[in-house]
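Reader: I have a structure open on my screen and would like to talk it through with you, beginning with the inside and working outwards. Could you take me through it?

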Amino acid sequence: MIPLPANARLTADAESTARAAAEHLIERVTSATGERAAVCLSGGTTPKRLYALLASPEFVGRVPWARVHWFFGDDRVVPWDDPLSNVRMVREAFGHESPVPSTHLHFIPSDEGPEAGARAYAATLQAFYGADTLDPDRPLFDLVLLGLGSDGHTASLFPGKPALAEREAWAAPVPEAGMAPFVPRITLTLPTLTSARSVLVLVNGAGKQDPLRRLADGEDLPARHVASARGVTWLIDRDAAGA
Ligand code: 6PG
């Protein structure tokens, strides 16, 4: 078995990962102080089952939908109805009878290109937060969900790309993605992604053994920068862990 990151929890399979993540998310948003809670959603394929579970009859009554606001950790710069769009993935996963109030789902604008979209989304986040500087003692998010790419990226922070080093802007353009889909992206930056009471990294499948092994070997992959975040938990299934 691959040595796992600190604060990793081994799950039996993808379904177990999704269920554990749903329980964690519900605990985070119900324990959140203040009148609103903020969750940062990850894209790709891994979290789809989690989002569908939250909207399912089994879980839907346990989520305080009226007080949770949902943001995106990154998105592809494509129309929101494009099969590559994380907005489309999330909308499909929450379903046509989505329990999410339309004003609570904050999409990353994709119609003005990566640079303008990153600036616009940073402004959206700052308006919600009520300041343009992140206070370490007042996290922006109650929970940030992240995935792990087979190259060790997370959100759209790819190895060797400028956005990974960005420490001032809250969101950054990624004109050239580091792996498929090779479309421009917009991503939250590390300071924003780690301004969280809790970070949950979901990792399923044998295809993630390589990045997990590289992290265990100490490689400075983008996901490593998240691994040291406050309150990070990894949910890793047995296939990914090589268990
Ligand atoms: C994206 C995601 C990305 C994803 C990883 C893992 O927009 O693609 O934000 O960071 O989490 O690439 O993707 P899978 O879950 O599809 O393996």
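Author: Before we look inside, one term is needed: a nonpolar core is a set of buried Ala, Val, Leu, Ile, Met, Phe, Trp, Tyr and Cys residues joined through side-chain atoms within 4.5 Å. Please also keep in mind that this is a predicted model.

Reader: Fine. Which residues touch the most other members of the largest nonpolar core?

Author: That core has 80 residues, and those with the most contacts to other members are Leu54, Trp70, Phe141 and Trp234. Helix α1, which covers residues 14–31, supplies the largest share of this core, namely seven residues.

Reader: And what is Trp234 in contact with, leaving aside its neighbours within four places in sequence?

Author: Its partners include Pro5, Ala6, Asn7, Ala8 and Arg9. Further along the sequence, Trp234 also meets Leu148, Val201, Val203, Leu212, Leu215, Ala223 and Ala227.

Reader: Let me step back. How many helices and strands are there in the protein?

Author: The protein has eight helices and nine strands. Its radius of gyration is 17 Å, close to the 18 Å that the globule rule gives for 243 residues, so the protein is as compact as a globular protein of that length. The C-alpha trace spans about 45 × 40 × 40 Å along its principal axes.

Reader: What percentage of the residues is buried, and what is the accessible surface of the protein?

Author: Buried residues account for 51% of the 243. The accessible surface is about 10,300 Å², and carbon and sulfur atoms hold 52% of that area. As for how the chain meets itself, among contacts between residues at least 6 apart in sequence, 77% join residues at least 24 apart.

Reader: Now aromatics. How many aromatic pairs does the count come to?

Author: The count comes to nine aromatic pairs. In one of them, Tyr129 and Trp170, the ring centres are 5.7 Å apart and the planes stand at 70°, so this pair is edge-to-face. Tyr129 belongs to helix α4 (residues 113–129) while Trp170 is in the loop between β5 and β6, so the pair ties together parts that are 41 residues apart in sequence.

Reader: Are those two buried or exposed?

Author: Tyr129 is buried, at a relative accessible area of 7%, and Trp170 is buried as well, at 4%. On the face of the Tyr129 ring lies Arg138, at 3.8 Å from the ring centre.

Reader: Which ring does the charged end of Arg36 sit over?

Author: The charged end of Arg36 sits over the ring of Phe128, 3.9 Å from its centre. As a separate matter, Tyr51, Trp65, Trp70 and Phe94 form one aromatic cluster, and Trp70 was also among the core residues named earlier.

Reader: I see Tyr51 in that cluster. What about Ser42, where is it placed?

Author: Ser42 is in the loop between β2 (37–41) and α2 (48–54). At 8% relative accessibility, Ser42 counts as buried, the limit for that being under 20%. Apart from its neighbours within four places in sequence, Ser42 is in contact with Pro47, Tyr51, Met89, Leu145, Leu146 and Gly147.

Reader: Back to the loop that holds Trp170. What does Ala163 touch?

Author: Ala163 is also placed between β5 (143–147) and β6 (171–174), in the loop. If residues up to four places away in sequence are not counted, Ala163 touches Leu157, Ala172, Pro173, Val174, Thr187 and Thr189. Ala163 is buried, with 6% relative accessibility.

Reader: Pro173 caught my eye. Which residues is Glu115 in contact with?

Author: Leaving aside its neighbours within four places in sequence, Glu115 is in contact with Pro173 and Pro175. Glu115 lies in helix α4 and is partly exposed, with a relative accessible area of 38%. From Glu115 to Ile236 is 34 Å in space, C-alpha to C-alpha, with their positions 121 residues apart in sequence.

Reader: Last one: where is Ala229 placed?

Author: Ala229 is in the loop between α7 (222–227) and β9 (232–237). Ala229 counts as buried at 12% relative accessibility, and beyond residues up to four places away in sequence it touches Thr194 and Val199. Ala229 and Thr33 are 196 residues apart in sequence, and their C-alpha atoms are 20 Å apart in space.

How values were computed
Residues numbered from 1 in each chain as written. Heavy atoms only, no water. Buried < 20%, exposed > 50% of the residue type's maximum accessible area, 1.4 Å probe, protein only. Helix = DSSP H or I, 4+ residues; strand = E, 2+ residues; numbered from the N terminus. Contact = heavy atoms within 4.5 Å. Phe/Tyr/Trp six-rings, centres within 6.5 Å; stacked < 30°, edge-to-face > 60°. Lys NZ or Arg CZ within 6 Å of the ring centre and 35° of its normal. Rg over C-alpha atoms; globule rule 2.2 N^0.38 Å. Areas by Shrake-Rupley, 256 points an atom, 1.4 Å probe, with all protein chains shown as cover.
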